[in-house]
Amino acid sequence: MYPPPRVHSSELRPGRGWYFCAALIAVVLTAAGVGGFAFGVFSAVKSIDVGKRFNTGETVTAQLKPSPRGAIYARVVASGYAPQADCTISGPSGRQATLSPPDGSFSMTSAGATWREIFVIEATESGTHHIVCRSNETSTFSVGKDADVGRLFGGIFGGIASLLILPFTGIVIGVIIAVVVGVKRGNHRRRLLAERFPPRY
């Protein structure tokens, strides 16, 4: 009895290295998706900066510049409430910085406190600014960055999109490559068997 016909796997084409390539693509795109998500969240968090805190009537100093714009935040009890306050900011030369209302309503919670952006600082010079705020409706303020809401949500949604799309794409591409390679190797095996071991009549 003759042994069953066999073809060594190293003879088959495409080579088995393509399976490694398929797995590598899936791993790389999955890692890129996780990295993109982390970068998006980091960018979103970085766009929020409540900054240095101070009490009503207290004069503090902060390093400000025309861009990115600074902002004054007030501590509030509820995020939908904007307390009335009177703030003055003088730059290194003694010139007063202009305060304008923010484009939208932005509140955030940090260290157990809720903060509402009440003023955008339109600084005309860079350097040390002196800031004082007074209010009968809140006792605590902070000076930080103007909330970049577009960057905040862009970072969050971009990170989520990366986490969902890139790994899925990598897995799909890897599976397609593996299936195509498997089919081609199977066809090659049958062709070699037919050439080397023709049927006996």
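The accessible surface of the chain comes to about 12200 Å², and carbon and sulfur atoms contribute 62% of it. The model discussed here is a predicted one. Of the 201 residues in the chain, 34% are buried.

The secondary structure consists of two helices and nine strands. Read from the N terminus, the order of elements is α-β-β-β-β-β-β-β-β-β-α, with a helix at each end of the series and the strands between them. Among contacts with a separation of 6 or more, 85% join residues that are 24 or more positions apart. The following paragraphs take up particular links of this kind, beginning with the interior.

In soluble globular proteins, nonpolar side chains tend to be buried together. In this model the largest nonpolar core has 17 residues, and Ile 72, Ile 121, Ile 131 and Val 143 are the members with the most contacts inside it. Strands S2, S3, S4, S7, S8 and S9 each give two or more residues to this core. Ile 72 illustrates how these parts of the chain meet. Setting aside neighbours within four places in sequence, Ile 72 is in contact with residues including Ile 89, Phe 119, Ile 121, Ile 131, Phe 141 and Val 143. Polar and charged residues also appear among the contacts of Ile 72, including Arg 116, Glu 117 and Ser 142. A second, separate core has eight residues, among them Val 50, Phe 106, Trp 115 and Ala 147.

The contacts of Ile 72 also include Cys 87 and Cys 133, and these two cysteines lead to the covalent cross-link of the chain. A disulfide is a covalent bond between the sulfur atoms of two cysteines. The model contains one disulfide, formed by Cys 87 and Cys 133 with their sulfur atoms 2.1 Å apart. Cys 87 lies in strand S4 (residues 86-90) and Cys 133 in strand S8 (residues 127-134), so the bond ties together parts that are 46 residues apart in sequence. The torsion about the S-S bond is about 115 degrees, and the disulfide is therefore right-handed. Both Cys 87 and Cys 133 are buried. Cys 21, by comparison, has a relative accessible area of 33% and is partly exposed.

Just beyond strand S8 the chain reaches Ser 135, which is placed in the loop between S8 and S9. With a relative accessibility of 13%, Ser 135 falls under the 20% limit and so counts as buried. A polar atom of the Ser 135 side chain lies 2.5 Å from the backbone oxygen of Gln 84, and a polar atom of that side chain lies 3.0 Å from the backbone nitrogen of Glu 137. Apart from residues up to four places away in sequence, Ser 135 touches Thr 56, Gln 84, Ala 85 and Phe 141.

Charged side chains provide a further set of links. Side chains of opposite charge can pair when their charged atoms come close. A search of the whole structure finds two salt bridges. In one, the side chains of Arg 69 and Glu 122 meet with an N to O distance of 3.0 Å. Arg 69 is in the loop between strand S2 (59-64) and strand S3 (70-76), while Glu 122 is in strand S7 (residues 113-122), so this pair ties together parts that are 53 residues apart in sequence. In the other, Arg 69 forms a salt bridge with Asp 146, the closest N and O atoms being 2.8 Å apart. Asp 146 belongs to the loop between strand S9 (140-145) and helix H2 (149-196), and this pair links distant parts of the chain, 77 residues apart. Through the shared partner, Arg 69, Glu 122 and Asp 146 are joined into one network. The surroundings of the three residues can be described by their accessibility. Arg 69 is partly exposed at 28% relative accessibility, and Glu 122 is partly exposed at 27%. Asp 146, at 17%, lies under the 20% limit and therefore counts as buried.

Helix H2 also holds His 188. This histidine is buried, with a relative accessible area of 11%. When its neighbours within four places in sequence are left aside, His 188 is in contact with Glu 11, Leu 12 and Arg 13.

Note on methods
Residues numbered from 1 in each chain as written. Predicted model: local features only at pLDDT ≥ 70, side-chain atom pairs only at ≥ 80, totals over all residues. Heavy atoms only, no water. Salt bridge = Lys/Arg side-chain N within 4 Å of Asp/Glu carboxyl O. Helix = DSSP H or I, 4+ residues; strand = E, 2+ residues; numbered from the N terminus. Buried < 20%, exposed > 50% of the residue type's maximum accessible area, 1.4 Å probe, protein only. Contact = heavy atoms within 4.5 Å. Areas by Shrake-Rupley, 256 points an atom, 1.4 Å probe, with all protein chains shown as cover. Disulfide = S-S within 2.5 Å. Polar contact = N/O pair within 3.5 Å; in protein donor to acceptor, adjacent residues only side chain to side chain. Core = buried A, V, L, I, M, F, W, Y, C linked by side-chain atoms within 4.5 Å.
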